[in-house]
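Please walk me through this protein chain. I would like to see how its sheet, its helices and its charged pairs fit together.

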Amino acid sequence: IRYYVDFRGYRPCHEARPVGYNTLGEYLASPELAKLRQDLLNGTPNDICRKCNLNGPTGDYGSPRENEKRQVAHMFDNNNRAGLQESMKIVEIRFSNLCNIKCRQCDACWSSAIGFEEGVEPAIVNASSQATGDFKTIAESVEFLLIGGGEPLLHPEYFETLQYLIDIGRAKDVTIACSTNGTLNSFRAKPFAEYWKHFKRIVLTVSIDSFGPQLEYWHYGTKWEKWLSNVDYYRSIDNVVVDFHGAINWVTLFSAM
């Protein structure tokens, strides 16, 4: 009921080991996915899910798989395994590592700005060219769409995907989530709210590793006052939920105290 895609191809989620398929059709028909599905149904460990297997079913601070199973429980009939609604409900796409800032704890894989500075070739890495078209083939069933980055709110594909869901009348039933650095509030002069207002819910996880001048240092390219203004803007939109995420290390720990 879910898939993830980035420049390494398709897989069940971002925690899973890449399996190397470049289109959704190839991935869904792959022997690896068929075996994974059977193993999950039988409770048998599978190497694709090695990270979850290490954590095990230990609750909120354990396996990502167990956490997500609780979130999607409404899609199952617990009294009848055949009642599983076998259609794509959850999609996670990382279109690109395109990013406008250089976080000190980040690297070129996740930020094109760092890639350009370090002379990495290519500095911008993109998901499969099939990713957008593949999404359109299953868009009618999607309930939750997570778009990763880079900085997702900088990506044309983010807004093109939202506009497609609006155009086909699905937006009101879909939750859109992403992590953002909080530096942006519009795309090509169109305020984000003009896209977001159509959706069931927008979930923004805003990255914050420190405050004031310290944030400007750790998130090089960020302006603190502008960041505050943007967060206030996000929170002013009725269907937007804002939470915060920080990377804790010994330096940011002291600046946050």
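What follows goes from the sheet to the helices and then to the salt bridges. The model is a predicted one.

Start with the sheet. Seven strands build it, and it is open. Read across, the order is E2-E1-E3-E5-E6-E9-E11, with mixed pairing. Strands of a sheet pair through backbone hydrogen bonds, and the pairing can be parallel or antiparallel. Strand E2 (9-11) and strand E11 (240-245) stand at the edges. Each has a single partner strand, so one side of each lacks a neighbour in the sheet. Neighbouring strands are turned against each other by 15° on average, direction ignored.

Look at the E11 edge. Strand E9 (residues 201-207) pairs with E11 in the parallel sense, over six bridges. One residue pair can be picked out there: Ser 207 has His 245 in E11 as its bridge partner.

Now add a helix to the sheet. H6 lies across strand E1 (2-6), E2, E3 and E5. Its direction is at about 165° to that of E1.

Next comes helix H2 (residues 31-42). Its twelve residues should span 16 Å at 1.5 Å a residue. The end C-alpha atoms are 16 Å apart, so the span agrees with expectation.

Which residues of H2 are buried? They are Leu 33, Leu 36 and Asp 39. These three cover an arc of only 125° around the axis, which means that they sit on the same side of H2. The spacing fits a general rule. An α-helix has 3.6 residues a turn, so residues three or four places apart point the same way. The buried residues of H2 pack against helix H1 (24-28). On the other side of H2, Pro 31 and Lys 35 are exposed. After H2 comes Gly 43, with a positive phi near 75°.

Turn to the charged side chains. The whole structure holds twelve salt bridges. Three of them are followed here, beginning with Asp 6 and Arg 8, whose side chains meet at 2.5 Å, N to O. Are these two partners buried or exposed? Asp 6 has a relative accessible area of 0%, so Asp 6 is buried. Arg 8 reaches 33%, so Arg 8 is partly exposed.

The next salt bridge joins the side chains of Glu 143 and Lys 89, at 3.6 Å from N to O. This pair links distant parts of the chain, 54 residues apart. Glu 143 sits in the loop between helix H6 (131-138) and strand E5 (144-148). Lys 89 sits in the loop between helix H4 (64-71) and strand E3 (90-94). Glu 143 is partly exposed, because its relative accessible area is 26%. Lys 89 counts as buried, because its relative accessibility is 9%.

A further salt bridge runs between Glu 117 and Lys 102, with the closest N and O atoms 2.6 Å apart. It too links distant parts of the chain, here 15 residues apart. Glu 117 belongs to helix H5 (residues 112-118), and Lys 102 to strand E4 (residues 102-103). Glu 117 has 55% relative accessibility, so Glu 117 counts as exposed.

One network completes the tour. Asp 6, Arg 8 and Arg 11 are joined into it by salt bridges that share partners.

Methods: Residues numbered from 1 in each chain as written. Predicted model: local features only at pLDDT ≥ 70, side-chain atom pairs only at ≥ 80, totals over all residues. Heavy atoms only, no water. Salt bridge = Lys/Arg side-chain N within 4 Å of Asp/Glu carboxyl O. Buried < 20%, exposed > 50% of the residue type's maximum accessible area, 1.4 Å probe, protein only. Helix = DSSP H or I, 4+ residues; strand = E, 2+ residues; numbered from the N terminus. Pairing = 2+ DSSP bridges. Axes fitted to C-alpha atoms, helices over the stretch in contact; angles between N-to-C directions. Contact = heavy atoms within 4.5 Å. Expected span 1.5 Å × (residues − 1). Arc of directions from axis to C-beta.
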